[in-house]
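Hi,

Here is the model I said I'd pass on. Have a look at it first, and then read my notes underneath.

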Amino acid sequence: MDPNGLSHSKFFRAIAVLAVLFALAWWDPSPFGTFLRGTFHTVFLPVEKVFASVSFGFRDLREFLSSIGDLKRENERLAEENVRLTAENAGLAFLRDENETLRKSIGLEIRKRFDLLSTEVVASGCEGERGFVVIDRGSMQGVQAGMSAVVGEGVLIGIVDEVYPASARVALVTNSESALGGVTAGNGTKGIVRGDRGLGISYGMVLQSDPLTQGDKVMTSGAGGTVPSGLLIGTVSSIRDSGDRLFREASILSPADFGKLRFLFLIRKEQSV
Amino acid sequence: MSSSFARTALVVILSLIGASVLNTAFSSPILFPVMLFSVAVSLSLSRGFVRALPAVVMIGLTADVATLGRIGLSAAFSVGLAYAAGFFSRRFAVEHGLMLHVFAGFLVGMGALAFLFVASWLDGPSSLPVVPWGNMPEAFVSGVVSFYIVSVLLHRFEEWLSYLDSPNAF
């Protein structure tokens, strides 16, 4: 065969395959993708669990080893802090008891307020601006699309967007495609919570006349009915005007570390208080 | 038959390693694309682009499914890099030795950065995508290291497969 002909044949073959694949990526067919992801993550869930377990163990070991050098300094700092905190603790004991009583009386404890389903992360994808994790519970365990995923004492992490038989995909709140209603605790300033390039969370569409200050806690407003109200999203860290100066927007700092998610709770339903 | 099964298993295991190990244990988004593209480039350089093409497409598509990405994007980048590897290695005469690893590592690293940029661009209509310039040294180093490891392992794997295919096996 003519070497030039072979070379051209290779080139055109590469171009043809590339065109088909880029068209597929651009189109991003949802039912087709859901079916393939569902099949894959259902069939290989046991293997994913083993791999994820090993990788979490490795991550913990790596973090432990990297922290050894800081232990001495950390120990000295903690000793000083311990003295200070002991003094503070006496004063706070009274306030703590009062706070505990109030929390219980209004039903803010997450486990009492919601019927939760515990899940473990078995895979994650961090391609581009989209943040997703795969959890080890699916439709067979009663998982439904739209369920909220939380960690700790009710910190919203994301929303289930695809459900497979034995697993499900959770779109993180840092995902650029996620948007939900938010409200600040205390002053009730409403806005829209959006993922920011898969790296952070922004709080936008806040009216210029509404109060918004650094340190405000942003909670879910419950607008739309999918996500329950009162789940913590994060704390306002910096505030700026929107591009058109009609609104204000802020960056939100979540107390959760999205790079280290392992155990998540899905909210099945709200308990009657 | 057994070599086909082994190849398919390798493709699946690579994808599972990406989704459940690299993306979970490390916070860097660049490691899995680097590993995936190292496999594509290594296959293309060892078997030739045309012979490697079906495997490269299959690995890319499986990786897209496993890592929850846009189906076709990793595969498209894998094919592009596999072709570029063959084309440029002949043009620059870097088909052997250390220079091959440096060249392939550079190609893989830059491909991974471009992949992250394009993925951001496809997913972020609301804002301009971020060019991950800060990841360039990491991409280059991890590209060189990953390509070296992957090419050695793939070479061993191919040797093992040829043993499986031989009439004396088992």
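Below is what I found, mostly from the point of view of chain B.

One caveat up front: this is a predicted model, so please read everything here as computed from predicted coordinates.

Let's start with the fold of chain B. There are 6 helices and 0 strands in it, so going by the DSSP runs the order from the N terminus is simply α-α-α-α-α-α. Of its 170 residues, 56% are buried. If you take contacts in chain B between residues at least 6 apart in sequence, 68% of them link residues at least 24 apart.

Next, the inside. The largest nonpolar core has 51 residues, and the members that touch the most others are B:Phe37, B:Val41, B:Leu73 and B:Val79. Both chains feed into this core: α1 (3-27) of chain A supplies at least two residues, and so does each of α1 (2-25), α2 (31-47), α3 (49-66), α4 (73-91), α5 (97-123) and α6 (136-165) of chain B. The biggest contribution is from α5(B), with 12 residues. A separate core of 43 residues includes A:Val173, A:Leu231, A:Leu264 and A:Leu266.

B:Val79 is a good residue to click on. Not counting neighbours within four places in sequence, its contacts in chain A are A:Ala14, A:Val17, A:Leu18 and A:Leu21, while on its own chain it touches B:Phe49, B:Leu53, B:Val56 and B:Val57.

What about the interface as a whole? Chain B puts 48 residues in contact with 47 residues of chain A. About 4000 Å² is buried between the two chains, and carbon and sulfur atoms account for 68% of that. How many salt bridges cross between chain B and chain A? The rule finds 0.

Finally, the outside. Chain B exposes about 7500 Å², with 73% supplied by carbon and sulfur atoms. There is also a nonpolar surface patch of about 1000 Å², made by B:Leu98, B:Met99, B:Val102, B:Phe106, B:Phe140, B:Val141, B:Val145, B:Tyr148, B:Ile149, B:Val152 and B:Leu153. Helices α5 and α6 of chain B each give at least two residues to the patch, and α6(B) has the largest share, with 7. One of the patch residues, B:Val102, sits in helix α5 of chain B. Is B:Val102 buried or partly exposed? Its relative accessible area is 30%, so B:Val102 is classed as partly exposed.

Cheers

Note on methods:
Residues are numbered from 1 along each chain as its sequence is written. Chains are lettered from A and ligands numbered from 1 in the order in which they are written. This is a predicted model: local features need pLDDT of at least 70, side-chain atom pairs count only at pLDDT 80 or more; totals for chains, interfaces and linings use all residues. Side-chain values use heavy atoms; hydrogens and water are left out. A nonpolar core is a set of buried Ala, Val, Leu, Ile, Met, Phe, Trp, Tyr and Cys residues joined through side-chain atoms within 4.5 Å. Buried means under 20% relative accessible area, exposed over 50%, partly exposed in between (1.4 Å probe, protein chains only). Helices (H or I, at least four residues) and strands (E, at least two) are DSSP runs, numbered from the N terminus. Contact means heavy atoms within 4.5 Å. Patches are made of residues with over 30% relative accessible area and no salt bridge: like charges are joined within 9 Å, nonpolar side chains (Val, Leu, Ile, Met, Phe, Trp, Tyr) within 5 Å. Accessible areas come from the Shrake-Rupley method with a 1.4 Å probe; for residues, only the protein chains shown count as cover. A salt bridge is a side-chain nitrogen of Lys or Arg within 4 Å of a carboxyl oxygen of Asp or Glu. Buried area is the accessible area (1.4 Å probe) that two parts lose on being put together, summed over both.
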